[in-house]
Each structure stands twice: as C-alpha cells, then as structure tokens.
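The report that follows is meant to be read beside the sequence and the coordinates. It takes up a few elements in turn, with attention to how they are placed against one another.

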Amino acid sequence: MMRLKVQSVSTTYGKKTILHDVSLPNIPAGTIVGLLGPNASGKSTLMKCLAGEKKCDGHISFDKLNVAETDQKHWFNKVATMPQTPPSPTALTPTELMWSTARALALPISDRELARNIERIFKDLGLVQFALSPLYTLSGGKRQLVGLALALIREPELLLLDEPTSALDLHWKISVLALVHGKVKSEGKIALAALHDLDLAARYCDILVLLKQGRIVASGPPFDVLTSQNIERVYHVETEISDTGKGYPRIDVIAPLKENHENA
Ligand SMILES: Nc1ncnc2c1ncn2[C@@H]1O[C@H](COP(=O)(O)OP(=O)(O)OP(=O)(O)O)[C@@H](O)[C@H]1O
Ligand SMILES: [Mg+2]
C-alpha cells in the first residue's frame, strides 16, 4: 500500500536550523494531513522538503521511493505542490498556464484528454468563466484557485497544499477542501495541507500535525491534537474546545494570552 514516511527530518537556511528532527506518523493512502503552526513555524519548509525542492537530513519516502535517491522528474510525476504564493498576475490566461504546465511536465496524455481534464478542473473550481482572462484581471482568490488547478492537472498521488484556502471566500474554502477530501478518499491519494483555520483542519483532516519553531508539538487525530493546552502552547490564545457531534471538534478562540508571543 502507498505510504508517506517522514522520519527525523532536519533542515537549515544558512546557519539557522529550521526543522528539528521532524517525524510524522506513517501516512497511508486515503489520508488528509493538516499541517498546523504559527507563522514561521516551518510548514512551508517541510512542504519544500516533501516536494523534493529542498535538501534535508532524515528520511522521506513515498510509495517506496526515497526522495534523496529519486531523480526530480520521477518524484514530480508523483508529487505536486500548490505553493503558498499564487501564480503572478501576468498576461497569461489560466488555460495557457494549464497547457504549458502540463506540456512542460510531459504528462503522458493526449491533447484531447488534457483538454477534458482542464475543463473538468475549471468546472470544479468555478474557473470556467475566467479560463481565457489574463491573470492580472483576476482577483486574488481566483488566482489562488488557478494555483490549485495547476497542481491538480498533474494528477499527483501526493498533493501538497500550502495554505490552499487562505484567500478564498466561505463557499470556496469549503468547496476546495471537500473536493480534495473526495479525491483523497475515492482515488486513494494522500494530501498534506498547511492550514491556519483550525476548524477547517478539524473538519477535513484525518491527522493533524502541530509545529512550533520547527519541532512537532503533537500529531494524531483532531480530538487528540486540538486540545486547549496544545493550542495555548503553540498559538498563545485561550480556547474552548467542544464536540460538534459530527466526529470533529470545534475551536472557539476566547482571547489572546498576555505572554510575549515571539519569545514564549
Ligand atoms: N529562503 C529562505 N531563506 C532564509 N530563511 C528562510 C527562507 N524561507 C523561510 N525561511 C525561514 O524559515 C522559517 C520557517 O519559514 P516557513 O516559511 O517554513 O514558515 P511557515 O510555517 O510556512 O510560516 P507562514 O505561516 O508564515 O507561511 C522562518 O524563520 C523563515 O524566516
Ligand atoms: Mg508558509
């Protein structure tokens, strides 16, 4: 069975260690993992290590391939990232970007099949009416959806989503996570999403991983990770956690705590 394994991953920028001995629970196919933690805690850096874009110590393997021993082209056939920054507002259209991305990656599908896939993804993401509009004319949220479309066209087995819903309205926040959830469950893929919205993470993720200053504070099912104590320790806010009765917790943020957020 396809699995993602992340064991003792450490990495640096210059002399500064950013990730310290990060290990995740074994992640089987059909799992959505939510990567949580404050700004600068190392979420994007971990995603870059998983994407094969940044070198690290430790072990990362997916579907029996070790990232350090696999050539990038082969890894990129299996793993796609939606970066935190959406595509730039250039004169290119979403359709042009999709075609050039797919062809640059030499996706092994016919033009007809690719056109059909692009049409389906645009429909799923509400982008049909913007398909031929230059990106500079699109709103920030729509450009973020184009960023997701560019990851989905690669039909990856491991989908890395770096804050995929940060610019989206309520409808699209829910729609995007429901879409990813459907794909992961019905097609046996794995998704790992960095998220700041704890309620969305609790609702859609099977496993949550809580990072603080490049170290894992907790990992496991949402009810185990999203405790008032863990959230206070990591985010320095007071919360009340309740049971929605739907299989996931609800997080009410009461107030920020007075400690020095940066140094605590
Ligand atoms: N290219 C870089 N060069 C030097 N330091 C970097 C670089 N990219 C990130 N860092 C540092 O690595 C640390 C982790 O950054 P990272 O982007 O992984 O955080 P994050 O958890 O994704 O934060 P956010 O929620 O703000 O996106 C930060 O201290 C950041 O300043
Ligand atoms: Mg980030």
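## Helices and the open sheet

In this predicted model, helix α5 (residues 140–152) lies across β7 and β8, and its direction is at about 175° to that of β7. Helix α6 (residues 170–187) lies across β4 (31–36), β8 and β9 (190–194), running at about 135° to β4.

The strands concerned belong to an open sheet of 6 strands with mixed pairing, whose order is β7-β8-β9-β4-β10-β11. Because β7 (79–82) and β11 (215–220) stand at the edges, each with a single partner strand, one side of each is left without a neighbour in the sheet. From one strand to the next the twist averages 15°. The edge strand β7 pairs with β8 (residues 158–162) in the parallel sense over 4 bridges, and within this pairing Leu 158 of β8 is the bridge partner of Val 79.

## Helix α6 and its two sides

Helix α6 has 18 residues and reaches 26 Å from its first C-alpha to its last, close to the 26 Å expected at 1.5 Å a residue. The buried residues of α6 are Trp 172, Lys 173, Val 176, Leu 177, Leu 179, Val 180, Lys 183 and Val 184. These residues cover an arc of only 150° around the axis, and therefore they lie on the same side of α6. On the other side of the helix, Leu 170, His 171 and Ser 186 are exposed. The cover over the buried residues of α6 includes the strands β4, β8 and β9 together with the helices α4 (111–124), α5 and α7 (198–204).

## Cysteines, Thr 11 and helix α1

Why does a search of the whole structure find 0 disulfides? For two of the cysteines, the distance to the closest cysteine sulfur gives a direct reason, since a disulfide requires sulfur atoms within 2.5 Å. The table sets out these distances, each of which is too far for a bond.

| Cysteine | Closest cysteine sulfur | Distance | Relative accessible area |
|---|---|---|---|
| Cys 49 | Cys 56 | 4.2 Å | 1%, buried |
| Cys 205 | Cys 49 | 20 Å | 7%, buried |

Cys 49 is also one of the residues in contact with Thr 11, which has its place in strand β1 (residues 3–13). Thr 11 is itself buried, with a relative accessible area of 6%. Leaving aside neighbours within four places in sequence, the contacts of Thr 11 are Lys 16, Thr 17, Ile 18, Leu 19, Thr 45, Cys 49, Lys 54, Lys 55 and Cys 56.

Both Thr 45 and Cys 49 are among the buried residues of α1, which also include Lys 43, Ser 44, Leu 46, Met 47 and Leu 50. Helix α1 (residues 43–50) is thus mostly covered, with 7 of its 8 residues buried. The helix is followed by Gly 52, whose phi is positive, near 80°.

## The hairpin of β12 and β13

A positive phi is also found at Gly 245, with a value of about 80°, in the turn of the hairpin that β12 and β13 form with 5 residues between them. Strand β12 (residues 237–243) and strand β13 (residues 249–256) run antiparallel and are joined by 7 bridges. In one of these pairings, Ser 242 has Arg 250 of β13 as its bridge partner.

Key
Residues are numbered from 1 along each chain as its sequence is written. Chains are lettered from A and ligands numbered from 1 in the order in which they are written. This is a predicted model: local features need pLDDT of at least 70, side-chain atom pairs count only at pLDDT 80 or more; totals for chains, interfaces and linings use all residues. Side-chain values use heavy atoms; hydrogens and water are left out. Two strands pair if DSSP finds at least two bridges between them. Axes are lines fitted to C-alpha atoms, for helices over the stretch in contact, and angles run from 0 to 180 degrees between N-to-C directions. Contact means heavy atoms within 4.5 Å. Buried means under 20% relative accessible area, exposed over 50%, partly exposed in between (1.4 Å probe, protein chains only). The expected span of a helix is 1.5 Å times one less than its number of residues. The arc is that of the directions from the helix axis to the C-beta atoms.
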